[in-house]
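Ready for a short walk through a protein? Open your viewer, keep the selection tool at hand, and follow the stops below.

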Amino acid sequence: MDWDITNRKKLTFKYNLTNTFPSTRQLISNNILNNYNNIYIGNTNLKETFYHFISLIFRNYKTYGWSFYPSIYYKIRNNQVQNIFNTSTIFNVINPINIDIPNKSLTSNFRVVYNYKYWKATLLTEYTNSNYATFINNNKIKSNNNSFLTRASFRTVYDNKPNIDFSYSQTYKDNTNSLFSAISNLSNLDVAVDYEYENWKFKTEYLYNFYKNNATKNTNSFNELNASIFYQKENSRWGFELLGTNIGNNISKLNSTLSANLFSERRSYVFPRTFVIKAIYKL
């Protein structure tokens, strides 16, 4: 349902009902060896899953000046197929079943944009709450997760001047169930500058990431600086570029992930400081 209040104001309501069926792998009752200590056993009694999705979106748009985009989304998954984990034996046995408790998720966000002739500023706030159940060693576990996101960004679009692309975000997550409680904070900063002068193109980008897990007291800060200089004469087939990545020579970064059964922290190792000289020839 769409309601065009004015040429620049619009209200949209959507409702979707979708059903999905189990895959062949989930229905096969034979044992499947995922790896050396992980066995997957299908379930021939699985039933289809129903998804109810509701959204309400409002738009108040202006070419220059303030624009507003509030929205809300609600999703319910009934009869969802989920894996049961049994870790009481040497092998981790995984078996899919239909969960009788609905999986509910609510997301609301509010985005504000200010447009000017040569630049644009954006502020976004978002809140997500999800509730679901899972099984570990035949024990039903209910989980409640909350996530708060705030992001501010600024971008310029000048023709003959340096352009800046800036964004900063702060994410707060609170994941709670009967087995554990994990609260984490993540800060991200991204600043990029590019400039074209005659036959030269200059680009540089700085990324900063700070992660903190309040439960485990783990912290990690990561920053990355990349830059490039490109030269090519007009109508020339040849181009040359000097490219530097991870100039600060960072080693790794830490982040968290959440699945239906597990909250985990992952450390990713990055490629070391590298400088590359490129020669480009257009056919």
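Start by selecting Asn163 and whatever touches it: leaving out residues up to four places away in sequence, Asn163 is in contact (heavy atoms within 4.5 Å) with Thr156, Val157, Tyr158, Ala192, Val193 and Asp194. Before going on, know that this is a predicted model, where local features need pLDDT of at least 70, side-chain atom pairs count only at pLDDT 80 or more, and totals for chains, interfaces and linings use all residues. Residues are numbered from 1 along each chain as its sequence is written, and side-chain values use heavy atoms, with hydrogens and water left out.

Now colour by secondary structure. Asn163 belongs to strand β12, residues 163-177; strands are DSSP runs of E with at least two residues, and helices are runs of H or I with at least four, numbered from the N terminus.

Is Asn163 buried or exposed? Its relative accessibility is 11%, so Asn163 counts as buried; buried means under 20% relative accessible area, exposed over 50%, and partly exposed in between, using a 1.4 Å probe and protein chains only.

Next, select Thr156: its side chain and that of Asn163 share a polar contact of 3.1 Å. Such a contact is a pair of N or O atoms within 3.5 Å; within protein, one must be able to donate a hydrogen and the other to accept it, and residues adjacent in sequence count only if both atoms are side-chain atoms.

Then pick Val157, whose backbone nitrogen is 3.3 Å from a polar atom of the Asn163 side chain.

Finally, zoom out: the protein has one helix and 19 strands.
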